[in-house]
2 protein chains.
Amino acid sequence: MNEIQSELVAVLIAVQDEVPLVLTLDQGRNLPSGPLETRHRSLQRGMRLWVEQQTQCRLGHIEQLYTFAETAGLETGVQDHPRLIRISYMGLTRLEEAQQGWRGLYEYFPWENRREHGADPLLSEIARALTVWAKGDAARLWRCAETFGLDGQPWSDELVLHRYELLWEAGLLPESQQPGSWLAPGRSMPSDRRRILATALARLRAKIRYRPVVFELMPETFTLWQLQRTVEAIAGSPLHKQNFRRLILAQDLVEETGKAEMQAQGRPARLYRFKGTVIGTRHLMGSKLPIARSV
Amino acid sequence: MNEIQSELVAVLIAVQDEVPLVLTLDQGRNLPSGPLETRHRSLQRGMRLWVEQQTQCRLGHIEQLYTFAETAGLETGVQDHPRLIRISYMGLTRLEEAQQGWRGLYEYFPWENRREHGADPLLSEIARALTVWAKGDAARLWRCAETFGLDGQPWSDELVLHRYELLWEAGLLPESQQPGSWLAPGRSMPSDRRRILATALARLRAKIRYRPVVFELMPETFTLWQLQRTVEAIAGSPLHKQNFRRLILAQDLVEETGKAEMQAQGRPARLYRFKGTVIGTRHLMGSKLPIARSV
DNA sequence: CCCTATTATGCTCAATGAGAGTATAAATGA
DNA sequence: TCATTTATACTCTCATTGAGCATAATAGGG
């Protein structure tokens, strides 16, 4: 009865040199998307083949994110049937060398990267702008505090999407409906695209806690320190080194290769390998990471 | 470029008398579905209005589940473009009195209800049938054990979808492609529908652990025991009474009404009220429940 | 009115796990 | 040889959790 168009949108994520990357198009203003002309059993399978054909990336973990509808009447003001359905997916991959189109994920969400900053002047600026927007409304102030970890509230790394939507509503983004005078720094995208990106990061951060998906982003062999740096890159916050090791080793997720990696300085680190690729039940395995639910 | 049809599918869930219910159509063989002819901003909003109009239920928490594509050529064998997209949603509601069309959720998944059974003869039967199917293949046996908690593996209540898919693959369901001689008990549905149902239960079980969505299923005031019974109904497993109380009270999620409920026997129980409905940030609140991740 | 059955509520104890720090090991280069 | 650097091992404390025991408040029967 309802004839509409449909489209797949892909958020492809890799981590290189401790920096999370995402594949973009159009000078970083867009995400890869294509028609769902799949001759395959499932959307997921079609998605995988399409991506692997377009890019040269082998996709590891794939996950459907969200389905949006776009009404045609958005511009004209006449709200109508939806005309376009966008089904978004996240895919994880390894990136051997630098490639075209990959951009730092945190360029789009600078406030989500809390690895080095101490007091974080950016967060203070955002807090100030949000306070202005809240205009003393208690419910709004409460929401800002909960979302951005203000006023003694803990910072929760999984609230990526909530934070993006709050900034959008508050008019602090270039793509907001009524952008204010002060805008949060960071590379912009059309709002629905950056929203998908935020959804992907939120889902990845949530998933990495209890499923061994980090390993999809790692090379064949790796040191525990490299593994930790990758987790930190995704989680956006630093972890306690000794506890990280303890937890990983206790879970029997990795095995030693017997080799070690020599770097410029210090004691050589042992190289490990993920055990789950051998066993066929990756998606069933659990995995715990010492990421504090809140700081 | 690709003109296709689209459809919303709703999984509406309520709990009545400690039994989780789902709204069905067609003698319990189908789920409510309708065209996405929404004049509204988002799919979610359109979904809510459509459901509240069709049924008389006020929806609490709403969540998008998954989007499937159905290729037209499935019957003819000619794999083709997808012709129909199904966007599925889960909605939680309260049910005052018994109403038409609501059926016990565990009628569809008897093996997921582990509240009373001790040794569980059903699980043994399933285990036997799965072993036959596995034919000694180590990977298959391993997957069965992980998924159904066999051979000393822990039972994980969130693997609802994995279990359904395994049973389907193993030909133990009436809707399987090649149904075997022994079929698991339980009410059937066309495979894609029961799959959506399984997705909903899995998501609900996962969500109930860390977001206060149970309260969407509760009446205005309730005793802690009623709350626990509702959680148990969803989780499918019994909980430790004293620890449940401790955890709920420690989280400041509920407040006393000052009243108490008299029942036939025993000490009267205090009535509580959820505090989150007052504060507007329900979706941000956390909540912990003493559901063991594995038993 | 006392006693028992029944349910709600309060409390204790041990085991576990997480956060954080200290100590030791194995490399490099001066 | 020694300082430096990074990896790895161990310890200690505190919070959380699982489990059980104890007490409180009701109803009903002698």
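A polar contact here is a pair of N or O atoms within 3.5 Å; within protein, one must be able to donate a hydrogen and the other to accept it, and residues adjacent in sequence count only if both atoms are side-chain atoms. Keep that in mind for the DNA stops. What you have open is a predicted model, where local features need pLDDT of at least 70 and side-chain atom pairs count only at pLDDT 80 or more, while totals for chains, interfaces and linings use all residues. Residues are numbered from 1 along each chain as its sequence is written, chains are lettered from A and ligands numbered from 1 in the order in which they are written, and side-chain values use heavy atoms, with hydrogens and water left out.

**Stop 1: the sheet in chain A**

Select residues 221-222, 254-261 and 269-274 of chain A: strands S7, S8 and S9. Strands (E, at least two residues) and helices (H or I, at least four) are DSSP runs, numbered from the N terminus. Two strands pair if DSSP finds at least two bridges between them. The three strands make an open, antiparallel sheet in the order S7-S9-S8, and S7 and S8 are its edges, each pairing on one side only.

Now count the bridges: S7 and S9 share two, and S8 and S9 share five. Click on A:Tyr272 in S9. Which residue of chain A does A:Tyr272 stand opposite? One is A:Phe222, and A:Tyr272 is also the bridge partner of A:Glu256.

**Stop 2: two helices in chain A**

Next, pick H5 (residues 191-208) and H6 (residues 224-235) of chain A. Their axes come within 9 Å and cross at roughly 135 degrees. Axes are lines fitted to C-alpha atoms, for helices over the stretch in contact, and angles run from 0 to 180 degrees between N-to-C directions. Angles under 35 degrees count as roughly parallel, over 145 as roughly antiparallel, 65 to 115 as roughly perpendicular and the rest as oblique, so H5 and H6 of chain A are oblique to each other.

Show side chains where they meet (contact means heavy atoms within 4.5 Å). H5 brings A:Leu201, A:Leu204, A:Arg205 and A:Ile208, and H6 brings A:Val231, A:Ile234 and A:Ala235. By class, that contact has six nonpolar, no polar and one charged residues. Ala, Val, Leu, Ile, Met, Phe, Trp, Tyr, Cys and Pro count as nonpolar, Asp, Glu, Lys and Arg as charged, and the others, Gly among them, as polar.

**Stop 3: DNA strand D**

Select DNA strand D and what is near it, that is, residues with a heavy atom within 4 Å. There are 21 residues, the closest being A:Lys241, A:Gln242, A:Arg245, A:Arg270 and B:Gln242. Sugar and phosphate make up 59% of the strand D atoms that come within 4 Å of the protein. H7 (241-250) and S9 of chain A, plus H7 (241-250) of chain B, each supply at least two residues of this surface.

Zoom in on these polar contacts:

- The side chain of A:Lys241 has an N or O atom 2.2 Å from a phosphate oxygen.
- A polar backbone atom of A:Arg267 is 3.3 Å from a base oxygen.
- The side chain of B:Gln242 has an N or O atom 2.4 Å from a base nitrogen.

**Stop 4: DNA strand C**

Switch to DNA strand C. Which residues come nearest to DNA strand C? They are A:Gln242, B:Lys241, B:Gln242, B:Arg245 and B:Arg270, out of 21 around it. The surface near strand C divides into six nonpolar, eight polar and seven charged residues.

For the last close-ups, find B:Lys241, with a polar side-chain atom 2.2 Å from a phosphate oxygen, and B:Arg267, with a polar backbone atom 3.2 Å from a base oxygen.
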